[in-house]
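Trainee: Please take one part of this model, the interface of chain B and chain A, and go through it closely. What holds the two sides together in terms of area, charge pairs and strand pairing, and what do the chains bring to it?

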Amino acid sequence: MSVDKDETQQRLKAAVHYTVGRLCQRMGEDHRREFSRQVIAAIAETAFRQCDVFAKDLEAFARHAKRSTVSSEDVKLVARRSTALSIYIQNKSEELNQEQRDLKKKNAGKRKSRDTEESRE
Amino acid sequence: MTNPYAERQISHSVENMAEKDAEIGFKKETVSKLLSSSFKEDKTRLSGDAALLMAELLKVFVQEAAVRSQKQAESEDCDQVDIEHFEKILPQLLLDF
C-alpha cells in the first residue's frame with residue numbers, strides 16, 4: 001500500500017518539477033540570466049515542501065471555521081503575510097466569482113427561453 | 001511586521017504576471033492532489049476555487065524564488081543562477097510566505 005503512495009508522491013513531485021522548469025526557463029529568457037539544473041530542482045523541492053505547510057494551514061483554517069471543505073477564504077488567509085500577494089489572491093478570487101455569476105446568468109437565460117417555448121406548445 | 005523589502009518584491013512579481021505568463025502554471029488537479037495528500041483528516045476536501053487559487057499562489061511562490069535568485073546572482077556579477085544564490089535568498093523567501 002505504501003508503495004502506491006510513494007509512487008503518487010513521486011509523480012506529483014515530477015509534475016511540480018516540470019512546471020517549475022518551464023517557469024524558470026521563461027524567466028531565464030526574460031531576464032537573460034538562466035538557472036542551473038540544480039537550482040531548478042531546489043526550487044521545485046522547496047515548492048513541493050511548502051505545499052505541505054500550506055495544506056496543514058488550510059486544513060486548520062477550515063476546521064476553525066467548522067468546515068470540512070477548504071474554501072477560497074482559507075486560501076486568502078494563507079496569503080495574508082504579504083499585502084501585494086493578499087490583494088492579488090483576492091482579485092483572482094473575485095475573477096472566479098464573476099465568471100461563475102456570468103455562467104449562471106447565461107444558463108438561466110437559456111432555461112427561460114426553453115420554458116417559454118414549451119409553454120407555447 | 002511586514003517586511004517592506006519583501007512587499008516591493010512580491011508586488012513586482014505579481015504585476016508582471018498578467019502580461020506574459022498566463023499560459024504556464026500548475027494544473028488544478030495536480031495542486032488538488034498535492035494538497036490533499038498532506039491533509040491530516042480523511043474528510044478534509046478542497047473546493048475547486050481553492051485549488052485554482054492555490055495554483056496561482058504556488059506560481060507566485062516559484063516566481064519569487066526565481067526572481068530573487070536572479071537578483072542575487074546579478075548582485076554577485078554571475079551570468080548563471082547557481083545554488084548558492086538560491087540558498088542565500090531562501091530564508092527570507094520562506095519568512096515572507
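**From one helix to the interface**

Mentor: Start inside chain A, where A:Arg11 and A:Glu7 both belong to helix α1 (residues 2-31) and sit four residues apart, about one turn of the helix. The model is predicted, and in it these two side chains form a salt bridge with the closest N and O atoms 3.2 Å apart. Side chains of opposite charge can pair when their charged atoms come close. Over all chains, the whole structure has 15 salt bridges, and two of them cross the interface of chain B and chain A. One that crosses joins B:Glu41 to A:Arg63, with 2.5 Å between the closest N and O atoms. Polar contacts across the interface amount to 18 residue pairs, both residues of each pair being at pLDDT 80 or more.

On the side of chain B that touches chain A, five elements give two or more residues: α1 (4-20), α2 (28-36), β1 (45-46), α3 (48-75) and α4 (83-96). The largest share comes from α3(B), with 20 residues. Sorted by class, this side of chain B has 30 nonpolar, 12 polar and 16 charged residues.

Now the extent of the contact. Chain B puts 58 residues into it and chain A puts in 54. The area buried between the two chains is about 5200 Å², and carbon and sulfur atoms give 70% of that. Of the area that chain B buries against chain A, 13% is supplied by B:Ile24, B:Leu53 and B:Gln70, more than by any other three residues.

The backbone takes part as well. Strand β1 of chain A, residues 69-70, pairs with β1(B) in the parallel sense, over two bridges. In one of the bridge pairs, A:Thr69 has B:Arg45 of β1(B) as its partner. The strand β1(B) is also among the elements listed for the side of chain B that touches chain A.

As for chain A itself, its four helices and one strand follow the pattern α-α-β-α-α along the sequence. The strand in that pattern is β1 of chain A, which pairs with β1(B). The radius of gyration of chain A is 21 Å, whereas a compact globule of 121 residues would have one near 14 Å. The C-alpha trace of chain A spans about 70 × 40 × 40 Å along its principal axes.

Terms used
Residues are numbered from 1 along each chain as its sequence is written. Chains are lettered from A and ligands numbered from 1 in the order in which they are written. Side-chain values use heavy atoms; hydrogens and water are left out. Contact means heavy atoms within 4.5 Å. Buried area is the accessible area (1.4 Å probe) that two parts lose on being put together, summed over both. A salt bridge is a side-chain nitrogen of Lys or Arg within 4 Å of a carboxyl oxygen of Asp or Glu. A polar contact is a pair of N or O atoms within 3.5 Å; within protein, one must be able to donate a hydrogen and the other to accept it, and residues adjacent in sequence count only if both atoms are side-chain atoms. Ala, Val, Leu, Ile, Met, Phe, Trp, Tyr, Cys and Pro count as nonpolar, Asp, Glu, Lys and Arg as charged, and the others, Gly among them, as polar. Two strands pair if DSSP finds at least two bridges between them. The radius of gyration is taken over C-alpha atoms; the globule rule is 2.2 Å times the number of residues to the power 0.38.
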